[in-house]
Amino acid sequence: GVLSIRYRWTGPEAELQLKPIFDLRHMFYYSDPEGHQIARQEARLLTVANHRQVAIATSQDFSLQPERQVWDLFYRLGSGDREGVQGQVQFKREYFRGVTLGRMVFRLADEVGLTVAAAATEEEAVQAARDVLVEHGGLAAAQDAAYAACAAALPEASPEVVTRAYVMAEKFGIPIGGYRVPEVGGWWFRTAWLRPLFVSLLHNHRTLERLGRAGRIRDALHLALRYQDPESGRLPNRLPDHTADLAHFQRTGRLPSDFYQNADPVLTLFVLLSEHALYLDEPQLATDLYALFKRTLTAFETPGCPGAPALAKTGLLLTVPHYSWINGRRTLTVDGFEVADLPIRVDRQWQSEAIRHFQDAHYAREQYQQSAFYLPEINAQWIRMLEVGLSLCDLVGDSALADKTRRLYDRAIGNYKRLFWNSGVGFLYNLITKEGRPDPMVTSPGIEAVALLGSRVFTRQELAAVWTTVRSHLLVSRSRGGRPAAFGVIAKDSAERIFFGDEQYHEAVCWPRETPHLLRILSELDEHAALEEFLATNLAHQLEEGVVFYASEILSLPEGINPAPNLATGQDPVPVKNPMQWASLWCDPYLARV
């Protein structure tokens, strides 16, 4: 990470004094002002260390006046959680301690340039600071050129849409294992997770192709295949970024078991390939994907494969209820029994009933750690995976597996609507237990499932019913021209309407990453006015609030008493948690409308 700064004074010669405040630590650790050490390396170089390293390189000599002073640092928005204070809902503020170590003094006769670089070692920090100081102009020119190239590749797009595509394509990406893949988000979320990565590529692959960045999709596929579980074929939740995890992989051929506690990274990979079959012109990749499909199917068919989805006689998958993207957990206390690690996806009342029935915290918890639940989005992904599996079997000439896959596909698609469609509501059930108990909660995974299956399963009348239900139960609006306009959908039509923290992470909270699924349905229904509202309000969010040019991870409903209301925006959803989320920057729907 490098910050480049330029100071210029247009009056007579003056003195510039800078007093940097440092708080070098891991993002989740406490501050340690006393542990910081400063070193004047050269006339134009300063380093500061506290287990991590910062280097400051300058374009002019400066004098350094030692001055150690501890500062209280107050972060008004904290990490994006909220709390109730005297009846009002506000951001949960965070307090840390910084330290100044000296005053840097420059003569302001000419422009003064500084670069501040952070790195794991002093050598890396110094090299980065010096490189950017020298290359500042070139780096800025390169970014201008990249934006211009983006605009040239999208000549029909407005400047705002070009900006969105540019940020999506150019401002995310971390090097992992010789490849470069987009990270989930900024700051504490700057890691690569496969589930949101593949879902995001699904909604951005046409834009990336137009921009000449399709190679990033191949990079993601190759990395995912590298780290698959050799037993179950499942892919990890996230790519490893710790030495210990990589050492475990080198030693055993798989990552630690907690990386594979999921059902959908491998499914979403195949969903992406069902719309972007780039393996067709790369024989080795097709062979590797065929092997992945075969291994995964075998694991799903194998009774007792720990944590893996289980293939039922219906041709559909039973899975652990928190092994999809709604993976939050809650703690309940009932009749004196405190039970933790209960999936938010499952109805709270069901869990209370189970605790009362079993009168055993461990046994009650274990009921929700088994592959015993049908989830609509998991099975929609499964059907799309089977479609790609058929194509791969044909490519490699495995007719026996192709016949088996075709039978599974016919059974799954034949049973899907019979199992999941709630005709009384005009929507899909949230989930269904192995024993057949349905949960009628309206959730956004139902939107995703309907969008993925479309006319394969649903009639136009049923798609229209889904949109009607979404408007009644899930739709979130944002102001546009002085009136509410469609913006997004909440994860669940939950009674928990106010976001405070992780316990409400998957309750009545708006996830922009879910919106493009709904846009597919609206496109099928020719709901052009609604489409335009979603596109306009999401672009406005990106360009007008939060971290400008980026899009937030989630937004809270504006419920609860706001301590500082703004009449113009007081009913808009409130950005919370991480304000720089790659999955929220979907671009393909904009290109389809220009």
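**His506**

I looked up the polar contact of the His506 side chain in this predicted model: the side chain reaches the backbone oxygen of Trp325 at 3.2 Å. I then located His506 in the loop between strand E24 (483-489) and strand E25 (509-510). I asked whether His506 is buried or exposed. At 1% relative accessibility, I recorded His506 as buried, because buried means under 20%. Leaving aside residues up to four places away in sequence, I listed what His506 touches: Trp325, Ile326, Asn327, Gly328, Ile344, Ala491, Lys492 and Trp511.

**Helix H9**

I turned next to helix H9, residues 348-358. At its start, I found a side-chain oxygen of Asp347 within 2.6 Å of the backbone nitrogen of Gln349. Just after H9, I noted that Gln359 has a positive phi of about 50°. I recorded Trp350, Gln351, Ser352, Ala354 and Ile355 as the buried residues of the helix. Their cover includes strands E16 (329-334), E17 (337-343), E21 (431-433) and E22 (438-439), as well as helix H10 (361-366).

**Helices H7 and H8**

I examined how helix H7 (residues 265-275) packs with helix H8 (residues 283-301): the angle is about 135° and the axes lie 12 Å apart. I therefore entered the pair as oblique, since the angle falls in neither the roughly perpendicular range of 65 to 115 degrees nor the roughly antiparallel range over 145. The crossing is left-handed. From H7, I listed Val266, Leu267, Leu269, Phe270 and Leu273 in the contact; from H8, Leu289, Leu292, Phe293, Thr296 and Phe300. I classed the residues of this contact as nine nonpolar, one polar and none charged.

Methods: Residues numbered from 1 in each chain as written. Predicted model: local features only at pLDDT ≥ 70, side-chain atom pairs only at ≥ 80, totals over all residues. Heavy atoms only, no water. Buried < 20%, exposed > 50% of the residue type's maximum accessible area, 1.4 Å probe, protein only. Helix = DSSP H or I, 4+ residues; strand = E, 2+ residues; numbered from the N terminus. Contact = heavy atoms within 4.5 Å. Polar contact = N/O pair within 3.5 Å; in protein donor to acceptor, adjacent residues only side chain to side chain. Axes fitted to C-alpha atoms, helices over the stretch in contact; angles between N-to-C directions. Parallel < 35°, antiparallel > 145°, perpendicular 65-115°, else oblique. Left-handed = near helix turned anticlockwise from the far one by under 90°. Nonpolar A, V, L, I, M, F, W, Y, C, P; charged D, E, K, R; others polar.
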